[in-house]
Amino acid sequence: MKKILLLFVFWQSFIFAQKNNELLVLSAVVKDKVIPNAQIIFQKNGETSETVNTDASGKAIIPPQFVEANNEITLIIKKDGYSTLVTKGPFGGLTYALSPVMEDLDGMRIVLSWGKSPSDLDSHLSYPNNHICYYHKEGTNANLDVDDTDSFGPETITIEKRAQNQKYIYAVHNFSDRGEIDNETLSNRSNAKVYVYIGNTLIKSYDVPKRKKGTVWVVFMIDESGNIVDINNFENSTSWEGVRSLLSNYRYSSTPTNSITENDRQRAFDINKQGENYYHSGRMEQAVNYYQQALEYNPFDGQIYSNLGLAFSKIGRSAEAIWANREAIKFAGDNTVKASSYFNIAKIYENSGQYSDALYYYGLAKENKENPVYDKAILRVKTKMR
């Protein structure tokens with residue numbers, strides 16, 4: 001049972017309460033640490049963007065023309081040493097948490113934020129022989145950095161190093177209303193958002209689905225191959241033990257529709273070509289931006305993910321490159337793309353001195369397509385391991 005000092009909660013809520021024309025920026029990993037002088041950019045299609053900075057208390061006033069815009073606005077928050085956060089509204093009166101840059105190739109940070117009600121949402125991460133939540137804050141190479149009980153968040157779970165060939169499942173539990181089975185508070189009132197960071201990059205974000213019944217939002221899983229699989233299902237549980245049992249026995253299988261319009265497919269193709277032009281001219285940051293834009297229109301194109309992985313590698317964002325190459329493999333239409341993506345992953349591990357991982361992925365490249373380059377790489381890594 002959670003123990004909450006009501007006086008402290010009242011004081012804390014008073015200190016951090018913000019109005020609908022304000023937003024608050026905190027650290028994702030240090031409880032109640034405000035982030036001053038963070039740059040906040042408000043963007044709306046067809047209009048001039050506007051930038052404000054957070055003050056010494058981590059707050060910023062939303063420009064008046066953006067207060068009522070809600071879902072039409074893109075919000076970008078930047079601060080040196082932290083991953084850039086990109087999200088869409090509504091955002092008035094909410095708290096946003098910035099994730100410090102992570103170094104490990106197989107690290108991941110999951111940040112949960114929400115609105116004023118319900119007051120207490122809990123993050124849960126289940127993986128073999130481990131369950132991370134407020135009741136068990138530390139596990140094998142993963143921990144709950146921040147537990148929030150009085151609205152807004154953040155609640156943050158960091159996977160310091162993901163284990164190979166293991167499945168992870170992440171979920172959000174409505175602790176405040178845990179006894180009300182099939183209630184819609186989590187879905188319709190919480191405005192919950194989940195952000196997933198790898199390395200220096202926000203690579204996935206989730207908005208809680210609307211008009212769903214249940215006290216547990218099962219958001220995503222990381223499969224045994226390291227791919228992130230969207231779930232977005234709702235279940236019920238009245239306790240943390242119930243959530244642990246639910247997730248440890250969770251079985252999810254779904255065939256993605258990969259359904260997009262022909263216009264979106266063509267738009268993604270054209271933007272990807274622009275990214276390739278930047279790539280070949282050596283402008284890697286711009287290439288990354290265009291590849292990411294292309295994936296917003298067609299998130300099922302293995303070749304675009306492969307291109308993104310190469311660009312990430314060129315600018316030294318190795319963890320992100322591994323993620324992009326895994327996505328390329330997931331959506332690859334032929335073995336050539338799969339083989340080259342496995343090879344790219346292997347090179348990153350080899351360059352980082354993680355030879356057993358490198359050998360494993362070079363072997364997968366060779367399984368998908370014979371190539372003398374793969375044979376040489378396997379021999380080279382075996383020699384280094386002696």
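Mentor: A strand here is a DSSP run of E with at least two residues, and strands are numbered from the N terminus. The model is predicted. Ask away.

Trainee: Start with Asn232. In which strand does Asn232 lie?

Mentor: Asn232 has a positive phi near 55°, in a residue other than glycine. Most residues other than glycine have a negative phi. Asn232 sits within residues 228-235, and that run is strand 18.

Trainee: Is Asn232 buried, partly exposed or exposed?

Mentor: Buried means under 20% relative accessible area, and exposed means over 50%. Asn232 has a relative accessible area of 26%, so it falls in between and counts as partly exposed.

Trainee: Asn191 is not a glycine either. What is its phi?

Mentor: Asn191 is in the loop between helix 2 (185-188) and strand 15 (193-198). At 30% relative accessibility, Asn191 counts as partly exposed. Its phi is positive, at about 55°.

Trainee: Now the peptide bonds. Is the one from Ser117 to Pro118 cis or trans?

Mentor: Pro118 is in the loop between strand 8 (108-113) and strand 9 (121-127). Most peptide bonds are trans. From Ser117 to Pro118, omega is near -5°, and the bond is cis.

Trainee: What is omega for the bond that joins Gly153 and Pro154?

Mentor: Pro154 belongs to the loop between strand 12 (142-146) and strand 13 (155-159). The bond joining Gly153 and Pro154 is cis, with omega about 5°.

Trainee: Phe152 is in the loop between strand 12 and strand 13 too. Is Phe152 buried or exposed?

Mentor: The cut-off for buried is under 20% relative accessible area. Phe152 has a relative accessible area of 15%, so it is buried.

Trainee: How far apart in space are Phe152 and Tyr134, C-alpha to C-alpha?

Mentor: In sequence, Phe152 and Tyr134 are 18 residues apart. Tyr134 forms one aromatic cluster with Tyr135, Phe175 and Trp240. In space, C-alpha to C-alpha, the separation of Phe152 and Tyr134 is 16 Å.

Trainee: Phe175 is in that cluster. Which residue lies over the face of Phe175?

Mentor: A charge sits over a ring if NZ of Lys or CZ of Arg is within 6 Å of the ring centre and within 35 degrees of the ring normal. Here the value is 3.9 Å from the ring centre, and the residue is Arg178.

Trainee: The structure holds 15 aromatic pairs. What kind of pair do Tyr305 and Trp323 form?

Mentor: Both residues, Tyr305 and Trp323, are buried. Planes over 60 degrees apart count as edge-to-face. For Tyr305 and Trp323 the centres are 5.9 Å apart and the planes meet at 85°, so the pair is edge-to-face.

Trainee: How many residues apart in sequence are the parts tied together by Tyr305 and Trp323?

Mentor: Tyr305 lies in helix 6 (residues 302-314). Trp323 lies in helix 7 (residues 318-331), so the pair ties together parts whose separation in sequence is 18 residues.

Trainee: How many residues does the largest nonpolar core have?

Mentor: Nonpolar side chains tend to be buried together in soluble globular proteins. Among the residues with the most contacts inside this core are Leu125, Tyr170 and Trp217. Helix 7 gives the most to the core, with 8 residues. The residue count of the largest nonpolar core is 72.

Trainee: There is another core, apart from that one. How many residues are in this other core?

Mentor: Its members include Ile40, Phe42, Ile77 and Tyr82. The count for this other core is 26.

Trainee: Which residue in strand 7 is the bridge partner of Leu26?

Mentor: Strand 1 (residues 22-27) and strand 7 pair in the parallel sense over 4 bridges. On strand 7 (residues 95-98), Tyr96 and Leu98 point one way, while Thr95 and Ala97 point the other way, and all are buried. The bridge partner of Leu26 is Ala97.

Trainee: Is Gly107 buried or exposed?

Mentor: Gly107 lies in the loop between strand 7 and strand 8. Not counting residues up to four places away in sequence, Gly107 touches Met102, Ile159, Glu160, Tyr197 and Ile198. Its relative accessibility is 6%, so Gly107 counts as buried.

Trainee: Last one. How far apart do the end C-alpha atoms of residues 268-301 lie?

Mentor: UniProt lists residues 268-301 as "repeat: TPR", in an unreviewed entry. The span is 79% helix and 0% strand. Its end C-alpha atoms are separated by 9 Å.

How values were computed:
Residues numbered from 1 in each chain as written. Predicted model: local features only at pLDDT ≥ 70, side-chain atom pairs only at ≥ 80, totals over all residues. Heavy atoms only, no water. UniProt positions renumbered as here; feature names shortened; annotations may be inferred. Phe/Tyr/Trp six-rings, centres within 6.5 Å; stacked < 30°, edge-to-face > 60°. Buried < 20%, exposed > 50% of the residue type's maximum accessible area, 1.4 Å probe, protein only. Core = buried A, V, L, I, M, F, W, Y, C linked by side-chain atoms within 4.5 Å. Pairing = 2+ DSSP bridges. Contact = heavy atoms within 4.5 Å.
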